[in-house]
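Please open the model in your viewer and keep the selection panel at hand. The tour begins with the whole chain and then turns to a single helix.

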Amino acid sequence: MKAQKVAIIDMGSNSVRFVIYDINNYACYEEILNLKVVARLSSHINDHGAMTPEGIEVVLNTLNKFEVVAKKYNITSIRGVATAAIRNATNSKDIMSAIHKHSSFSVEILSEEEEAYYGFLAVTNSTHLPKGITIDIGGGSTEVTYFEDRKAIHLHSFPFGALTLKKQFIETDSPSESEWVTLRSYLQQQFSTLPWLKDKKAPVIGIGGSARNLGLIHQNIVNYPLSGLHQYEMTSEDVFSIQGKLSSLSLKEREKVDGLSKDRADIILPAIAAIEELILYTGSTSFIVSNKGLRDGLFYEKLLETIDVSHFPNVTHESFYQLAVTYQLDSTYQKRLSVLSSYLATELINNKLITLSETDLTHLHWASHVFYIGNTIHPESKSQHTFYLLTNQSINGLTHMERLAIAFMASFRSRSQLKLYARPFRHWVTKEELKKYELMGALLKLCYGLNISKRDVVKRIQIDFHTETMIGLSIYYDGDPYFEEFHASKYKKHLERCLKRTISIQFIQN
């Protein structure tokens with residue numbers, strides 16, 4: 001693929017963003033710039049539904065700011081889109097004419113269906129979820145979709161957003177009891193117009209700034225130790241609890257809440273109300289935060305159009321490919337580690353020495369592909385760097401707890417080191433889970449030793465016998481296994497500790 005820089009301008013009702021993505025020759029991408037202007041375009045709509053001259057000036061000034069920045073980057077393509085504030089303005093043609101006349105950027109108005117679709121595209125290309133309900137609460141509109149098997153079944157755009165709900169139903173900084181009742185009644189009536197949403201009981205996935213703020217507030221409340229917001233999961237009770245806390249605060253107090261952006265403090269309550277009513281209407285028990293939204297959907301469309309698909313075939317696989325290229329991993333070597341660990345795990349399972357589920361084996365597979373990824377930073381502290389890297393960045397396609405599990409396995413050095421890593425996560429990982437991660441990490445480390453010279457000399461692993469105190473392991477090889485034999489005898493102690501058996505290893509020429 002040809003290297004390129006793709007820019008997206010997302011002109012929302014509350015904020016306008018300018019984002020640049022860098023794509024290299026291997027189709028690996030990263031966001032290299034993300035600028036925001038809190039324009040609040042919906043607040044510049046007059047009683048006749050037209051955007052005021054002041055509002056149009058805000059649009060032009062914002063685009064001019066982005067133009068100055070854009071000149072410093074060798075941008076290959078730019079796509080600018082506008083949503084509800086401009087789409088619904090009675091003078092939208094005048095606004096677009098002004099942009100065309102005074103800006104070098106080309107901006108298009110997305111239809112309601114297109115806006116909903118790109119939010120859906122962002123979620124289904126960045127999560128593992130086969131089914132879900134997305135809600136993207138903007139300043140002037142709210143998009144809701146329902147998808148199954150990563151296919152959009154229903155899409156809808158409501159004519160209300162956090163800004164317009166605040167303007168229509170709440171006169172002061174905080175809603176009164178009667179205003180709260182009226183607001184909720186309105187939201188209930190709006191959602192009831194979509195019978196395809198009723199009692200779906202699928203997870204609700206929040207897109208946009210209000211959803212992200214909701215997740216950040218909860219992470220601060222519970223002292224969440226894992227980094228990353230994308231795919232962060234909360235219960236419906238968590239959502240209602242946060243709303244209760246924020247409702248009891250004045251605007252000035254809300255502005256000081258950790259995780260809540262100051263520019264959203266006045267509109268967060270109507271946004272949460274919309275999320276709550278959707279949760280109630282759909283019967284969902286889970287709320288998941290998506291850090292990917294409309295602009296990401298636009299980017300995925302651009303990235304994937306070269307191979308004529310709308311979705312990555314496998315989101316998790318794509319994420320691990322990106323990690324391998326970014327950290328310059330030897331993919332052939334990592335795949336061999338996956339094969340060897342699969343051999344050994346299968347032998348242990350078949351001999352009823354361990355019990356692992358299909359999900360566990362999948363996690364073992366992914367952990368093998370990033371085992372000691374931190375070695376690329378510094379080999380002396382490869383375990384520490386591995387754990388840090390995997391727990392401090394989102395991995396699309398993995399839940400937070402899956403990412404933590406893989407971090408424990410892929411960074412395994414010893415039981416004592418594992419316990420040290422686990423200390424901040426003691427409320428999120430049980431002792432039984434930690435024992436399992438130790439077992440799988442020890443298994444990976446032994447297999448790591450069985451290809452320490454990176455020559456693929458070990459061809460097969462077989463358990464010949466086992467007793468209550470011993471396991472007989474045969475390692476079949478081609479070539480000189482001197483280094484593999486040395487490291488296997490060195491690393492086997494970790495697995496012996498987990499299995500509570502001595503492991504006798506015999507190297508046999510294939």
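What follows is a short sequence of selections, each with a note on what is there.

Begin with everything selected, bearing in mind that this is a predicted model. In cartoon view the secondary structure comes to 19 helices and 14 strands, and the C-alpha trace spans about 85 × 50 × 40 Å along its principal axes. Of the 510 residues, 55% are buried, and among contacts between residues at least 6 apart in sequence, 71% join residues at least 24 apart.

Next, switch on the surface, whose accessible area comes to about 22800 Å², with 49% of that belonging to carbon and sulfur atoms. If you then colour by charge, there are 55 positive and 55 negative charges to find, and the mean positions of these two sets lie 6 Å apart.

Now hide the surface and select helix α17, which runs over residues 415-422. Which of its residues are buried? Show the side chains of Gln417, Leu418, Tyr421 and Ala422, since these are the buried ones. Turn the view until you look down the axis of α17: the buried residues fall within an arc of 140°, and they therefore line one face of the helix. On the face turned away from that buried side, select Ser416 and Lys419, both of which are exposed.

Finally, keep α17 in place and add its surroundings, where the cover over its buried residues includes α15 (382-391), α16 (400-410) and α18 (431-449).

Methods. Residues are numbered from 1 along each chain as its sequence is written. This is a predicted model: local features need pLDDT of at least 70, side-chain atom pairs count only at pLDDT 80 or more; totals for chains, interfaces and linings use all residues. Side-chain values use heavy atoms; hydrogens and water are left out. Buried means under 20% relative accessible area, exposed over 50%, partly exposed in between (1.4 Å probe, protein chains only). Helices (H or I, at least four residues) and strands (E, at least two) are DSSP runs, numbered from the N terminus. The arc is that of the directions from the helix axis to the C-beta atoms. Contact means heavy atoms within 4.5 Å. Accessible areas come from the Shrake-Rupley method with a 1.4 Å probe; for residues, only the protein chains shown count as cover. Lys and Arg count as positive and Asp and Glu as negative; His and the chain ends are not counted. The place of a charge is taken as NZ of Lys, CZ of Arg, CG of Asp or CD of Glu.
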